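Colleague: I would like to go through the labels used for this model and hear what each one rests on. Please give the value and the cut-off each time.

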Amino acid sequence: AKSQGRNRYIFFDQEMNQETNEHLEVEKSLHKALVNQEFVLHYQPQVNLKSGKIIGFEALLRWKHPKRGLTAPGYFIHVAEESELIIEIGNWVIKEVMRQLKEWHDKGLRPGKVAINIAGKQLESNHLIAFILQNLKESGCRPEWIELEIVERFIMKDATKSIALLKRFRELGLDISIDDFGTGHSSLAYLKELPITKLKIDQSFVQNLENSSEDRAIARTIIELGRGLGLVVLAEGVETKAQKELIHSSGCDLIQGYVFSKPVDAKSVEEMLKNQSHM
Ligand code: C2E
Ligand code: CA
Ligand code: CA
Ligand code: CA
């Protein structure tokens with residue numbers, strides 16, 4: 001029994017080593033990816049169901065990995081977020097969105113607001129506001145073209161601090177949306193105080209709308225809560241026509257999801273916007 005236990009222990013150790021090695025491997029190649037400019041942004045449209053029109057986009061990070069090809073953040077974002085790398089990557093995302101927005105507007109395109117995902121470490125760093133301000137100036141991008149998207153649990157980690165910080169973003173003219181809403185235990189008392197503009201209903205509540213009366217109740221309640229607080233409410237991860245209709249009949253006009261479009265590259269965004277202006 002003793003030797004068996006010992007074997008199990010060794011096996012477990014090896015598995016842990018393998019995980020740590022992979023983690024280190026990804027971390028190393030993320031450094032290289034920054035230097036070699038292997039990151040690219042895709043954009044997923046947000047749509048108003050009443051007008052059928054695109055009202056904005058969420059910028060989503062992709063890695064043109066030399067071996068894996070175009071890679072979604074599921075593979076690497078947790079590694080980046082656990083290290084300081086997320087600051088540098090996040091800064092690149094901010095710069096790139098601003099550059100892209102200025103280019104689109106100069107071409108006469110009107111993409112609406114583009115949402116940028118901001119990680120916890122970025123929020124905690126004291127440089128974020130100064131970085132955004134400086135890059136707004138340098139890029140010629142206007143603050144009202146941008147929305148910052150922050151997951152609920154980061155905001156609630158230190159709600160008092162978040163309120164002060166988010167107020168400063170709002171003073172700069174940036175909109176703030178709470179991402180993955182419903183998964184992070186928001187205190188309603190704080191929610192009232194948060195200077196935010198939008199709630200994004202997490203896709204986990206949207207996925208089972210057709211089959212779960214509980215999820216329908218949650219979605220409806222979030223929609224009403226948001227409206228009552230004077231916020232814009234958007235449902236994420238809407239994949240099917242049935243989900244879209246349930247969301248719409250619950251009083252929510254804004255969706256983002258495969259049912260309208262997957263995230264697409266910048267060129268495709270331009271096509272979408274040109275087609276829409278002919279509608
Ligand atoms: P998120 O912020 O919740 O973004 C939504 C994710 O849902 C995206 O995955 C999007 O492609 C996916 N999605 C959109 N519509 C649907 C749908 O109808 N069905 C399903 N099943 N999924 C849908 P993606 O692009 O793989 O990004 C995953 C996560 O990586 C994001 O989740 C976000 O947490 C993180 N991420 C992405 N870009 C950035 C970034 O620039 N900075 C930071 N810090 N995190 C990012
Ligand atoms: Ca997001
Ligand atoms: Ca989300
Ligand atoms: Ca998420």
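Colleague: What separation is there between the calcium ion (ligand 4) and the calcium ion (ligand 2)?
Modeller: They are separated by 6.0 Å. The model is a predicted one, and the distance is computed from its atoms.

Colleague: What makes Asp180 a donor of the calcium ion (ligand 4)?
Modeller: Asp180 (OD) is listed twice as a protein donor, at 2.6 to 2.9 Å from the ion. The cut-off for Ca is 3.2 Å, so these distances qualify. Water is not among the atoms, so the site may look incomplete.

Colleague: Which residues coordinate the calcium ion (ligand 3)?
Modeller: The donors are Asp179 (OD), Asp180 (OD) and Glu236 (OE), the last of these listed twice, at 2.2 to 2.7 Å. Along the chain the donor residues have the spacing D-D-x55-E.

Colleague: What is known of Asp180 itself?
Modeller: Asp180 belongs to strand S6, residues 175–181. Its phi is positive, about 55°, although the residue is not a glycine. Most residues other than glycine have a negative phi.

Colleague: Why is Asp180 called partly exposed?
Modeller: The relative accessible area of Asp180 is 22%. Buried requires under 20% and exposed over 50%, so 22% falls in between.

Colleague: Which residue bridges the calcium ion (ligand 3) and the calcium ion (ligand 2)?
Modeller: Asp179 does, and the two ions lie 3.9 Å apart. Asp179 has a relative accessible area of 5%, which is under 20%, so the residue is called buried.

Colleague: How do you know which residues are donors of the calcium ion (ligand 2)?
Modeller: Glu58 (OE), Asn117 (OD1), Glu149 (OE) and Asp179 (OD) lie 2.1 to 2.3 Å from the ion, and the limit for Ca is 3.2 Å, so they count as donors. Their spacing in sequence is E-x58-N-x31-E-x29-D. Glu58 in strand S2 (residues 53–65) and Asn117 in strand S4 (residues 113–117) are 59 residues apart, a pair that links distant parts of the chain.

Colleague: Are Glu58 and Asn117 buried or partly exposed?
Modeller: Glu58 is at 4% relative accessible area, under the 20% cut-off, and is therefore buried. Asn117 is at 29%, between 20% and 50%, and is therefore partly exposed.

Colleague: What makes Glu149 a buried residue?
Modeller: Its relative accessible area is 1%, and anything under 20% counts as buried, so the label applies. Glu149 lies in strand S5, residues 146–151. Beyond its neighbours within four places in sequence, Glu149 has contacts that include Gln46, Glu58, Asn117, Asp179 and Lys200. Glu149 and Ile176 are 27 residues apart in sequence, while their C-alpha atoms are 6.0 Å apart.

Colleague: Why does His42 count as buried?
Modeller: His42 has 12% relative accessibility, which is under 20%, so it counts as buried. The residue is in strand S1, residues 39–48. Outside its neighbours within four places in sequence, His42 touches Glu58, Leu70 and Asp265, among others.

Colleague: Why is Gln37 called exposed?
Modeller: Gln37 has 63% relative accessibility, and exposed means over 50%, so the label follows. Gln37 sits in the loop between helix H1 (2–35) and S1. Its phi is near 55°, a positive value in a residue other than glycine.

Colleague: Why are H3 and H5 called roughly parallel?
Modeller: The axes of H3 (residues 85–106) and H5 (residues 128–139) cross at roughly 25° and come within 10 Å. Angles under 35 degrees count as roughly parallel, so the pair is given that label. The crossing is right-handed. By class, the contact has six nonpolar, three polar and three charged residues.

Colleague: What makes H5 and H7 roughly parallel?
Modeller: H5 and H7 (residues 159–172) pack at an angle of about 10°, with axes 11 Å apart. That angle is under 35 degrees, so the two helices are roughly parallel. Leu128, Ile129, Ile132 and Leu133 in H5 meet Leu165, Arg168, Phe169 and Leu172 in H7. By class, the residues of this contact are seven nonpolar, no polar and one charged.

Technical notes: Residues are numbered from 1 along each chain as its sequence is written. Chains are lettered from A and ligands numbered from 1 in the order in which they are written. This is a predicted model: local features need pLDDT of at least 70, side-chain atom pairs count only at pLDDT 80 or more; totals for chains, interfaces and linings use all residues. Side-chain values use heavy atoms; hydrogens and water are left out. Axes are lines fitted to C-alpha atoms, for helices over the stretch in contact, and angles run from 0 to 180 degrees between N-to-C directions. Helices (H or I, at least four residues) and strands (E, at least two) are DSSP runs, numbered from the N terminus. Angles under 35 degrees count as roughly parallel, over 145 as roughly antiparallel, 65 to 115 as roughly perpendicular and the rest as oblique. A crossing is left-handed if the near helix is turned anticlockwise from the far one by less than a right angle, and right-handed if clockwise. Ala, Val, Leu, Ile, Met, Phe, Trp, Tyr, Cys and Pro count as nonpolar, Asp, Glu, Lys and Arg as charged, and the others, Gly among them, as polar. Contact means heavy atoms within 4.5 Å. Donors are N, O and S atoms within 2.8 Å of the metal (3.2 Å for Na, K and Ca); water is not among the atoms, so sites may look incomplete. Buried means under 20% relative accessible area, exposed over 50%, partly exposed in between (1.4 Å probe, protein chains only).
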